[in-house]
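Good morning, and thank you for coming. Today I should like to walk through one structure, from its interior to its backbone.

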Amino acid sequence: MTRISRIQVNYLDHAKGLTDSAQFSWMIESPFRNCRQKQYQLQIATDPSFSDLVLDTGFVDSAESAHVRIPECTFKEGILYFVHVRAVTEADDQGLATTTYCKPATILGGLQHPDELKDHFITAETKDDIEKAKGSYLRKEITIEKNVASAVVFSTALGMYQLRINGELVSDEQFAPGWTTYDHRLLYQSHDVTEFIASGKNVIGAHVGAGWYKGTLSFLMIHNFYGPVSALSLRLDVQYTDGTQESFYTDDSWKGIDSPVLHAQLYDGETYDARKEQPGWDCADFDDSSWRNVKKTDCTSKHIEAQEGSEVATQEVISPKLAFYTPKGERVIDFGQNMSALPEIHGQGKAGDTITLTCFEVLDKDGNVYIDNLRRAKQEIIYTIKDDKPFVYRPHFTFFGFRFIYVKAFPGRADLDNFKAFVVHSTMEQTGNFKCSNPDLNQLQHNILWGLKSNFVDVPTDCPQRDERLGWTGDAQIFCRTACFNVNTYTFFKKWLKDLALDQKHIGGVPHVVPDILYKYPYDNWLLSKGPHSAAAWADAAVINPWMLYLTFGDTEILELQYESMKDWIDFMKTHSVNNIWNYKLQFGDWVALDAEEGSYFGATPNDLTCTAYYAYSTELFVKVCRVLGKSTVADEYEQLHKKIVSSFQTTFFTEEGTMTAQTQTAHILALHFHLAPKAFIPKVVTGLKKLLADHDGHLVTGFVGTPYFCHALSSNGCLKEAYELLLKDDFPSWLYQVRKGATTIWEHWDGIKPDGSMWSEDMNSFNHYAYGAIGEWLYRAVAGLEVDEKNPGYKHSIIAPRIGGGLSFVQASYRSVHGDVCVQWKHKKQSGIVVLTVHIPANTTATIRLHEALAVLDEDGLSFAEGENALEAEAGSGEFSITYALK
């Protein structure tokens, strides 16, 4: 029977901190074809049985099952709401039918005036602690004299914190409150803590550390960037069964003391002395007479806002695969997977014994520990044992990028059962799956996904291991579409893009990293001294990322929120362009391309070309945004600007004969992919790109700018064979070279480990750097053929257009859209040239099925194929279809 399998609020199953602006989306599942929604009825209640309704829409005539907004829908502080929906649908062989109500989603009402938390920050740190990065315990015992109906806590920190009530962790969140541009805004967390609070004595406790707020940041090793002390602010609301409510705040009646965390930095790791533990410190009747009184401290953020979702948490646990000694005699634990994680130690020793561990990514060519690429990051755990009893320890205020653990000191011989790894990243549902008949491509997809997991730790970082871990805008822009296939990125990127816009207003241009911590110190670095912001391809994240979210989710909200940021960025480029050719101070260009001069990171493609290409591309996207938002006058104005940029690009970077002035792969790729080549010259540009590819024996020499679009530029211009050949190369340089070298994530450099086993460099050689994983987009969009319809985005209307090739015998891919799963499977019988294409289209959506290179359709499965543009096409409603066709 037709049913609603799921409802979400703001793309979340459990939304928190909302006061209004909720939107609802639900997935309809049906065994019948052409299932369409005719009506829906949505209810919101304050109890899971829905006996206490606060909103009932009644049946609403509407085909919309996503982005449904109810203007009168608001939420009270601390109230837990339940929302469910049912629908009237119509389908082939069913007629009209009404579903049952779905399983509810929840909404926890947020603070109406969150800035009030600014008045309640307390700290246990002193002036002597300003340059330190230690942990502090904070506690307060309260007495509840009535029967508790419910309890909710709203909390945040300057630094990182773990909240505890009566000896229990309130949640499994890590690194709360997360990293935002703290000068402008700080997020608070909302938790229903009813299960932890009871009548009588109760204790609220918090463990607080330095985190991003006052810890060391960036390769500039900046200390105390946002403030001098770590601090906590919270409000606990207790609702009693008699209808009354009582609120408890952090204030100067709380007590504090140094915790066993002697030192915790993101790059250094954590030093922990278990002898300083105080059992029961977060429980009632604990003697805190030796603890010091806390002090109130100022909040350095202009505003405090709710965290809606995508909190960092432990996501899975990995056990080590191998324990061994290196040729140098180093004891090493191998987890078999590079990742961002918290090592957990299980052990037993004597009081005062010290365990020392270093986390690292790869072994050197001789099989020994290699830590040079960590630069000044120590990635070290130093743990002092309390007594002779068994213990378990996991770090509190840091994370590590690693596959291996080097055991420098341990009581007895460290072995597999002494360690686990708790993988940490932002909470994002995996939405995409891709697999095929080529195991190397499957490993590549694995590496792409794990590169994403490792670097989506509250902000989209470049790498998780060395003294950097910053939200580089270029990496996030390049990888955005691939990320959107693999996981639900909406809340994650929405948060980050808001910080981008805030930092952009602060400095005038778009920063290189978000949150921007480089603007105060640009002259402390040889590179940044040339220009602390506004690099092409990096800064274009301001336009490209919101557009990719719009295509993926079909939600105009992100365009509305980021509109001013997009426009400001286009205007910035316009202001600093000369005759529509854009360039500005420091440009990264085709970063780390292999056609760079010896010893340089900068590729051979001229900056004027890459800058102007992105200027044109972002302006083109901005025009589309304006059309979507109904801003036709602005759209017309910037459409004319776009035409001028394209004209200037063509006259500047093409000869009269149609040859590009820059004979690099990246120049040709950008001209093709951004539609900058004059129509008459496209064949010549394609021929030029193929020649440049052949000059390197079919290998790429592109960097950050050219690589993401290489296969697209080929397959979209009649060169599918060459695109597959490029994808499937497995010698240096190629994506599969890394796979053959045993990579489990994407590398920063094509030759991070050279064919002879030596390393690319010591100063910049991450083995967990997702940017080149942008090829994943081509796997989904071209190989599998999962494509969004720009005119009807969010997979309300999908385009299924697989490109058969590469010697693959089968491909399976799926994407969980806001409407449901869009699935594609194709099997190619190579001897006969027959393809069997199986497609699943979610209920309440439609699709165009496009068969490239098809000679004839042998089984249409009820569809009607006809000649389209370069392919046979058919329109399909929802349901499952199996089409058999012969290739040319």
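I shall take the cores, then two helix pairs, and then some details of the backbone. Please keep in mind that this is a predicted model.

Let us begin with the interior. The largest nonpolar core holds 225 residues. Those with the most contacts inside this core are Phe419, Leu444, Trp735, Trp778, Trp826 and Ile849. Which helix gives the most to this core? Helix H7, residues 607–628, does so, with 12 residues. There is also a second, separate core of 28 residues, which includes Ala15, Leu42, Phe75 and Ala91.

I turn now to the helix pairs. Two packed helices are described by the angle between their axes and by the distance between those axes.

H7 packs with helix H8, residues 632–653, at an angle of about 160 degrees, and their axes are 9 Å apart. Angles over 145 degrees count as roughly antiparallel, and therefore H7 is roughly antiparallel to H8. The crossing in which H7 passes H8 is left-handed. As for the residues that meet, those on the H7 side include Leu609, Tyr615, Phe622 and Val623, while those on the H8 side include Tyr638, Leu641, Ile645 and Phe649. Polar and charged side chains can be found in the list as well; among them are Asp608 and Glu620 in H7, and Asp636 and His642 in H8.

The second pair is formed by helix H5 and helix H6, residues 557–575. Let us look at H5 by itself for a moment. This helix covers residues 541–553, which is 13 residues. At 1.5 Å a residue, H5 should span 18 Å; its end C-alpha atoms are 17 Å apart, so the two values agree. Is H5 mostly covered or mostly uncovered? H5 is mostly covered, since 13 of its 13 residues are buried. Just after H5 comes Gly554, with a positive phi of about 70 degrees.

H5 and H6 pack at an angle of about 155 degrees, with their axes 8 Å apart. These two helices are therefore roughly antiparallel to each other, and their crossing is left-handed. Where they meet, H5 contributes Ala542, Val543, Pro546, Trp547, Leu549 and Tyr550. The partners in H6 include Ile558, Leu559, Met566, Trp569 and Ile570.

Finally, the backbone. Most residues other than glycine have a negative phi, and most peptide bonds are trans. Let us consider some cases that depart from this.

Which bonds are cis? One is the peptide bond from Ala176 to Pro177, with omega near 10 degrees. Pro177 lies in the loop between strand E15 and strand E16. Another cis peptide bond joins Val514 and Pro515, with omega at about -5 degrees. Pro515 belongs to the loop between helix H4 and H5, which brings us back to the helix we have just discussed.

Two residues other than glycine have a positive phi. For Ser218, phi is near 75 degrees. Ser218 sits in the loop between helix H1 and strand E18. For Arg375, phi is about 55 degrees, and this residue is found in the loop between strand E31 and strand E32.

Are these two residues buried or exposed? Ser218 has a relative accessible area of 0%, and buried means under 20%, so Ser218 is buried. Arg375, at 28% relative accessibility, counts as partly exposed.

That concludes my presentation, and I welcome your questions.

Terms used:
Residues are numbered from 1 along each chain as its sequence is written. This is a predicted model: local features need pLDDT of at least 70, side-chain atom pairs count only at pLDDT 80 or more; totals for chains, interfaces and linings use all residues. Side-chain values use heavy atoms; hydrogens and water are left out. A nonpolar core is a set of buried Ala, Val, Leu, Ile, Met, Phe, Trp, Tyr and Cys residues joined through side-chain atoms within 4.5 Å. Buried means under 20% relative accessible area, exposed over 50%, partly exposed in between (1.4 Å probe, protein chains only). Helices (H or I, at least four residues) and strands (E, at least two) are DSSP runs, numbered from the N terminus. The expected span of a helix is 1.5 Å times one less than its number of residues. Axes are lines fitted to C-alpha atoms, for helices over the stretch in contact, and angles run from 0 to 180 degrees between N-to-C directions. Angles under 35 degrees count as roughly parallel, over 145 as roughly antiparallel, 65 to 115 as roughly perpendicular and the rest as oblique. A crossing is left-handed if the near helix is turned anticlockwise from the far one by less than a right angle, and right-handed if clockwise. Contact means heavy atoms within 4.5 Å.
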